[in-house]
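User: I am in my first year and would like a close look at the inside of this structure, meaning the part where side chains are packed away from the surface. Please take me through it slowly and explain each term when you use it.

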Amino acid sequence: MQLQQAPSFQGLSTIRDFIRWAYSRFNQADLFYGHGADNSWDEAVHLVLQSLALPWDIEQPLFDCHLTDDEKQHVASLIHQRIEQRTPTAYLVNQAWFCGLPFYVDERVLVPRSPIAELINNQFRPWLVANSVDRVLDLCAGSGCIGIASAYAFPDAQVDIVDISTDALQVATVNVDQHELNHRVSLVQSDLYQALSQQRYQLIVSNPPYVDAEDMADMPAEFHHEPALGLEAGADGLDLAKHILAKAADYLTDDGLLVVEVGNSQWALEEQFPQVPFTWVEFEQGGHGVFVLSAADCKQYQPVFQAILPE
């Protein structure tokens with residue numbers, strides 16, 4: 001899509017001016033917010049401050065600082081792209097926040113937004129004892145945000161970050177380097193468990209693709225900037241989740257925990273496995289479709305999970 005000529009920003013000078021201008025233009029454009037911000041004001045603040053390499057908590061007097069001509073052109077160009085191309089702000093500024101931590105992102109990975117962040121911040125209580133966790137597996141890791149944040153939550157744990165996409169692992173490598181966690185976080189290219197050794201984990205956590213065919217067709221334009229590999233999961237949205245369930249018992253310790261996000265596909269999962277005692281997490285900060293399952297239950301119902309997989 002060819003960009004139209006950006007509208008004039010003559011008369012705008014300060015950071016405050018550009019935030020207000022972005023806010024107005026976003027409201028006029030009827031954008032979708034679901035990649036870090038949930039409203040036009042936060043989106044405007046995020047885009048302008050991050051594009052200028054400024055922190056969220058700048059002091060009020062700085063809002064009245066004047067931008068250079070180059071900075072004006074840069075900020076205006078990003079605002080224009082956000083509107084005309086519907087590009088998520090995180091891709092425009094190459095940064096997203098997850099668990100209060102910054103992560104590099106681009107269009108090779110999904111923009112981090114999982115409610116699993118709340119579980120990580122709470123060290124997966126009450127289901128885990130934090131000081132007992134020495135190995136964590138992040139399946140379908142994308143940018144690596146869940147695995148890296150888990151490494152902060154469990155400072156004595158080794159973390160394996162796994163993804164089938166070499167592009168995603170390149171982004172995750174950038175983030176592991178930036179957070180200086182190379183000594184505790186390993187990256188593995190694998191189709192789910194396929195390339196893993198017989199290591200067992202106290203925690204397996206996954207935010208796999210889970211968008212079903214109907215939802216995929218109805219998604220706002222912003223989502224089409226994200227890699228389809230990270231979203232699509234068949235007619236019922238459970239193609240990967242069912243494979244994760246089928247082998248989880250083989251990779252969990254006896255006291256281990258499986259945590260998987262399936263979003264709106266929660267109802268399809270419950271319908272297919274009505275006998276399985278999934279615990280669906282209730283989030284204080286919003287979000288749904290994340291289940292918790294103990295290693296014992298993964299083992300007990302493994303034949304049920306395996307029976308439904310295609311030959």
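Analyst: What follows goes from the whole chain to its interior, and then to a few individual places.

This is a predicted model, in which local features need pLDDT of at least 70 and side-chain atom pairs count only at pLDDT 80 or more, whereas totals for chains, interfaces and linings use all residues. Residues are numbered from 1 along each chain as its sequence is written, and side-chain values use heavy atoms, with hydrogens and water left out. The term pLDDT stands for the predictor's confidence in each residue, from 0 to 100. The chain has an average pLDDT of 90, and 91% of its residues score at least 70. Over residues 1–5, however, pLDDT stays under 50, and the model gives this stretch 9 contacts beyond four places in sequence, where a contact means heavy atoms within 4.5 Å. Where pLDDT is low, the predicted coordinates should not be read in detail.

The chain holds 12 helices and 9 strands; these are DSSP runs numbered from the N terminus, with helices being H or I runs of at least four residues and strands being E runs of at least two. Its radius of gyration, taken over C-alpha atoms, is 21 Å, which is close to the 19 Å that the globule rule gives for 311 residues, so the chain is as compact as a globular protein of that length; the rule itself is 2.2 Å times the number of residues to the power 0.38. Of the 311 residues, 54% count as buried, a word that means under 20% relative accessible area, while exposed means over 50% and partly exposed lies in between (1.4 Å probe, protein chains only). Of the contacts with a separation of 6 or more, 69% are between residues 24 or more positions apart.

Now to the interior itself. A nonpolar core is a set of buried Ala, Val, Leu, Ile, Met, Phe, Trp, Tyr and Cys residues joined through side-chain atoms within 4.5 Å. The largest such core has 36 residues, and those that touch the most other members are Phe98, Ile120, Phe124, Phe154, Ile161, Leu203 and Val259. Two or more residues of this core come from each of the helices α5 (116–121), α6 (145–153) and α7 (166–178), and likewise from the strands β2 (101–103), β4 (158–163), β6 (201–206), β7 (252–261) and β9 (290–294). The largest share, 6 residues, is given by α6. Apart from this core there is another, of 33 residues, which includes Ile204, Ile244, Val260 and Tyr301. In soluble globular proteins, nonpolar side chains tend to be buried together.

Leu203 is a good residue to follow by eye. Leaving aside neighbours within four places in sequence, Leu203 is in contact with Phe124, Leu128, Arg135, Val136, Leu137, Phe154, Leu257 and Val259.

Helix α2 shows burial on the scale of a whole element. This helix covers residues 40–51, and its 12 residues reach 16 Å from the first C-alpha to the last, close to the 16 Å expected at 1.5 Å a residue, where the expected span is 1.5 Å times one less than the number of residues. Because 10 of its 12 residues are buried, α2 is largely enclosed by the rest of the structure. Among those buried residues are Glu43, His46, Leu47 and Gln50. Their cover includes the helices α1 (15–29), α3 (69–84) and α4 (89–93), together with the strand β1 (96–98).

Thr14, in the segment before α1, is buried, with a relative accessible area of 9%. Beyond its neighbours within four places in sequence, Thr14 is in contact with Phe63, Asp64, Cys65, His66 and Leu67.

Finally, some details of the backbone deserve attention. Most residues other than glycine have a negative phi, and most peptide bonds are trans. Cys99, in the loop between β1 and β2, has a positive phi of about 55° although it is not a glycine, and its relative accessible area of 19% makes it buried. Glu180 also has a positive phi of about 55°, but this residue, placed in the loop between α7 and β5 (185–189), is exposed, with a relative accessible area of 64%. The peptide bond from Arg125 to Pro126 is cis, with omega near 5°, and Pro126 lies in the loop between α5 and β3 (135–139).
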